[in-house]
Amino acid sequence: MPSVPWDEIPTTTEIAPIPPGKYSVRCTDAELTTSKKGSVMIRCTYEITSGPQAGRTFINNVNDPTASKNPAVSSTFFNRCLVAHGLEHGAYPDWADVANAFISTEASAVLGQREYEGSIYSDVKSWAPAAAPTAAAPAGSTAPPPPPVPPS
């Protein structure tokens, strides 16, 4: 059995945080769990799909907005998150179905950073639907000519 090359393995335990900015992301996993306060929470893992940060991952917790101190604001953010992922409000009978519906969806996320228990984490500041891919013109086709300009 080969030996462990300890001298080649860095001893760092810190990962540089993802820089704040707008990213195209895909939900790769969603786990139904319970928050520290005891309310329903979905822990979603996201992967950045393009740009210099492509392949990096972050976690975003989707909380039950009815358990919030400010349900109106929490409900707004929750619904924006659903819309951005192409999920329909009221279409899922239970939280497990909501969690499963997030998996493989794509969206656009504006990330900031926040400190929690002494570490810096990515923090979703806003959601938007994923940018639609630009369709390429079929090979050999050309754009139609502009309409003629009427004589003045």
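Arg114, Asp123 and Lys125 are joined in a network of salt bridges in this predicted model. Within that network, the side chains of Asp123 and Lys125 meet with N and O 2.9 Å apart. Lys125 has a relative accessibility of 47% and is therefore classed as partly exposed, because that class covers values between the buried limit of 20% and the exposed limit of 50%. In total, the structure holds 4 salt bridges.

Side chains of opposite charge can pair when their charged atoms come close. Another such pair is Glu106 with Arg26, where the closest N and O atoms are 3.2 Å apart. Glu106 belongs to strand E4 and Arg26 to strand E1, so this salt bridge ties together parts of the chain that are 80 residues apart in sequence. How accessible is Glu106, and into which class does that put this residue? Its relative accessibility is 39%, so Glu106 counts as partly exposed. Arg26, at 29%, also falls into the partly exposed class.

A further salt bridge runs between Lys36 and Glu117, with 3.1 Å between the closest N and O atoms. This pair also links distant parts of the chain, the two residues being 81 residues apart. Lys36 sits in the loop between E1 and strand E2 (40-48), and Glu117 sits in the loop between E4 and strand E5 (119-129). Both Lys36 and Glu117 are exposed.

Strand E4 spans residues 106-116 and also contains Ser108. Is Ser108 buried or exposed? Its relative accessibility is 7%, so Ser108 counts as buried, the limit for that class being under 20%. What does Ser108 touch, once residues up to four places away in sequence are left out? Its contacts are Lys22, Tyr23, Ser126, Trp127, Ala128, Pro129 and Ala130. Of these, Lys22 and Tyr23 fall within the range of strand E1 (21-34), while Ser126, Trp127, Ala128 and Pro129 fall within the range of strand E5 (119-129).

The last feature is a nonpolar one on the surface. Val4, Trp6 and Ile9 form a nonpolar patch there, with about 340 Å² of accessible area together. Val4 lies in the segment before strand E1 (21-34). Why can Val4, with a relative accessible area of 43%, be part of a patch? Patches are made of residues with over 30% relative accessible area and no salt bridge, and the 43% of Val4, a partly exposed residue, is therefore enough to satisfy the area limit.

Technical notes. Residues numbered from 1 in each chain as written. Predicted model: local features only at pLDDT ≥ 70, side-chain atom pairs only at ≥ 80, totals over all residues. Heavy atoms only, no water. Patch = residues over 30% accessible without salt bridge, like charges linked within 9 Å, V, L, I, M, F, W, Y side chains within 5 Å. Areas by Shrake-Rupley, 256 points an atom, 1.4 Å probe, with all protein chains shown as cover. Helix = DSSP H or I, 4+ residues; strand = E, 2+ residues; numbered from the N terminus. Buried < 20%, exposed > 50% of the residue type's maximum accessible area, 1.4 Å probe, protein only. Contact = heavy atoms within 4.5 Å.
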